[in-house]
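I opened a fresh page for this one and wrote things down as I looked them up. Have the model on your screen as you read along.

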Amino acid sequence: MARCRPVPISANRLPRTIPQAEALKVLLAKLGIKLDMAVNIDVPRNVILDRLTTRRTCSNSKCQAIYNVKSMPPKKEGVCDKCGSPVVQREDETEAAISHRLDTYNKKTAPLIGFYDKEGMLLTVSATSSEAVIAAIKKKLSA
Ligand SMILES: [Zn+2]
């Protein structure tokens, strides 16, 4: 099989629904581009909730430093180390908001797992570190 150069696809343009995935398939076929794989990163719900609900962000729009109340808290509670502005929990990172986002994902985006599985290009990685995900993708690409 001839190997072409990789074509990056913007993360903002990744399909999030079946109709979007079908539209992308048609578009790529027109362009003569073949997807190597679709990666399903399988992270337990409680891990996602824990990671996102413990995240805090500097309220200064020019700074936006990211902290984590468990693993990387600011030196002084609630105050940004870099600029001294208040460090806050974003509205979309509360437990209720994350739960809602996960429900939306399960309803609209999770069906893509079956779609890409049927296309024969699904790689599912059960991992909670980006290193493990990258290693799995590299292994699949070199297989
Ligand atoms: Zn700051």
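My entries below go from the whole chain to the helices, the sheet and one loop residue.

**Entry 1: the whole chain.** I noted at the start that this is a predicted model. I looked up the secondary structure and found five helices and five strands. Following the sequence, I wrote the pattern down as α-β-α-β-β-β-α-α-β-α.

**Entry 2: overall dimensions.** I checked the radius of gyration, and the protein has 19 Å, where a compact globule of 143 residues would come out near 15 Å. The C-alpha trace covers about 55 × 30 × 25 Å along its principal axes. I then looked at burial: buried residues are 4% of the 143 residues. For contacts with a separation of 6 or more, I noted that 56% join residues 24 or more positions apart.

**Entry 3: helix H1.** I turned to helix H1, residues 18-31. Its 14 residues should span 20 Å at 1.5 Å a residue, and the end C-alpha atoms are indeed 20 Å apart, so the length agrees. H1 is hardly covered, with a buried count of zero among its 14 residues. Just after H1 I found Gly32 with a positive phi of about 70°.

**Entry 4: the sheet.** Which order do the strands of the open sheet take? I read S3-S2-S4, three strands with antiparallel pairing. Strand S3 (66-68) and strand S4 (87-88) are the edge strands, because each pairs on one side only. A reminder to myself: strands of a sheet pair through backbone hydrogen bonds, either parallel or antiparallel. Strand S2 (residues 55-58) meets S4 in the antiparallel sense over two bridges. I looked up one of the residues involved, Thr57, and its bridge partner in S4 is Val88.

**Entry 5: Ala127 and helix H5.** I picked Ala127, which sits in the loop between strand S5 (122-126) and helix H5 (130-142). Is Ala127 buried or exposed? Neither quite fits: Ala127 has 15 C-beta neighbours inside 10 Å, so I put it down as partly exposed. Leaving out residues up to four places away in sequence, Ala127 touches Ile41, Ala132, Val133 and Ala136. Ile41 caught my eye, being 86 residues from Ala127 in sequence but 6.8 Å away in space, C-alpha to C-alpha.

I finished with H5 itself. Its 13 residues should span 18 Å at 1.5 Å a residue, and its end C-alpha atoms are 18 Å apart, which agrees. H5 is hardly covered, since the count of buried residues among its 13 residues is zero.

Definitions and conventions:
Residues are numbered from 1 along each chain as its sequence is written. This is a predicted model: local features need pLDDT of at least 70, side-chain atom pairs count only at pLDDT 80 or more; totals for chains, interfaces and linings use all residues. Helices (H or I, at least four residues) and strands (E, at least two) are DSSP runs, numbered from the N terminus. A residue is buried if 20 or more other C-beta atoms lie within 10 Å of its own, exposed if 12 or fewer, and partly exposed in between; C-beta atoms are placed from the backbone. Two residues are in contact if their C-beta atoms, placed from the backbone, lie within 7 Å. The expected span of a helix is 1.5 Å times one less than its number of residues. The radius of gyration is taken over C-alpha atoms; the globule rule is 2.2 Å times the number of residues to the power 0.38.
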